[in-house]
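Here is a short tour of two helices and one side chain that is worth a look in your viewer. Load the model and follow along.

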Amino acid sequence: MSSLTMTYTRRNLADTIRTPTMFLTVALVPVGVMVFFVVPFIGQDAVAITSATATLVVFGVLMACVGHFSVAIAAQRESAWGNYLRTLPGGIVPQMSGYLLVGLAVVAAAIVPILLVAGVFTAASAPPSRVLLAAGALMVAVVTFTLLGLAMGYLMSMRVAAIANSVGFLPLAVAGGMFFDDADTPKIIEQIAPFVPTRGATDLVLVALTGESVGPLSLVMLAVWITVLAGLTVWGHRRDQVRRFT
């Protein structure tokens with residue numbers, strides 16, 4: 001099983017490298033926002049820049065996971081090669097494990113530049129214990145947005161998934177209040193943000209990294225979203241299996 005997983009991982013990684021548009025997008029967009037819109041204004045405010053860095057890391061994870069998994073799964077479903085892979089005796093586990101490992105590489109490409117900019121050019125800081133807690137909280141965000149990408153990939157065609165991937169992450173980020181601070185958040189965003197998964201993921205990471213208090217509603221809704229997205233992913237996979245292979 002481990003040998004099959006690494007085979008799928010190498011193949012998927014090679015595909016990602018051959019078509020690096022999405023890879024470069026998730027690597028450059030968050031760090032571009034960091035460099036041009038965050039560092040010049042609050043780069044030397046330790047508290048503000050630490051929170052902003054955490055928020056942009058979650059934003060990078062959102063772009064990476066949704067972008068990678070939605071398009072990759074939708075493309076596999078519509079290709080003859082993908083249909084062939086679904087019939088192999090190894091099953092779906094090594095294939096999905098390969099996607100997950102490549103997805104983690106894409107996530108690293110999204111967040112490492114942000115952390116480097118924050119560490120070198122700003123006053124952002126946090127105790128090592130808080131950093132470890134934030135890393136654990138970030139894994140919850142990875143799971144959430146991976147499930148979102150998988151659900152999109154199984155429920156959408158390749159064309160629809162590509163369009164949704166191109167424009168979908170921005171409304172999710174805005175609705176979750178990721179681009180606003182507490183002082184200038186619009187009233188409508190304050191009302192809907194706790195019900196959006198991006199807000200729950202951001203709050204969880206901020207609580208772990210800075211210890212600041214947040215409303216419990218966003219964290220409860222994050223658990224609800226994880227459950228719903230997991231159910232949609234499983235249902236989409238089984239529906240696809242029945243339609244195509246039984």
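## A buried arginine

In this predicted model, Arg-77 has a relative accessible area of 9%, so it counts as buried, the cut-off being under 20%. Its place is in helix α3.

What does the side chain of Arg-77 make a polar contact with? One partner is the side chain of Asp-240, at 3.3 Å. In addition, a polar atom of the Arg-77 side chain lies 2.9 Å from the backbone oxygen of Gly-153.

## The helix that carries it

Helix α3 is mostly covered, with 27 of its 33 residues buried. At 1.5 Å a residue, α3 should span 48 Å, and its end C-alpha atoms are indeed 48 Å apart, so the two values agree.

## Helix α7 and its bend

Now turn to α7, which runs over residues 158-175 and has 18 residues. From first C-alpha to last, α7 reaches 25 Å, close to the expected 26 Å. Where does α7 bend? The bend, of about 40°, is at Val-167, and Pro-171 follows within four residues. Just after the helix, Gly-177 takes a positive phi of about 75°.

## What α7 packs against

The buried residues of α7 are Ala-161, Asn-165, Phe-169, Ala-173 and Ala-175. As a reminder for reading that list, an α-helix has 3.6 residues a turn, so residues three or four places apart point the same way.

Which elements cover these buried residues? The cover includes α3 (46-78), α6 (128-155), α8 (187-192) and α9 (197-210). Helix α3, the home of Arg-77, is thus also part of the cover over α7.

Methods: Residues are numbered from 1 along each chain as its sequence is written. This is a predicted model: local features need pLDDT of at least 70, side-chain atom pairs count only at pLDDT 80 or more; totals for chains, interfaces and linings use all residues. Side-chain values use heavy atoms; hydrogens and water are left out. Helices (H or I, at least four residues) and strands (E, at least two) are DSSP runs, numbered from the N terminus. The expected span of a helix is 1.5 Å times one less than its number of residues. The bend at a residue is the angle between axes fitted to the seven residues ending there and the seven starting there. Buried means under 20% relative accessible area, exposed over 50%, partly exposed in between (1.4 Å probe, protein chains only). Contact means heavy atoms within 4.5 Å. A polar contact is a pair of N or O atoms within 3.5 Å; within protein, one must be able to donate a hydrogen and the other to accept it, and residues adjacent in sequence count only if both atoms are side-chain atoms.
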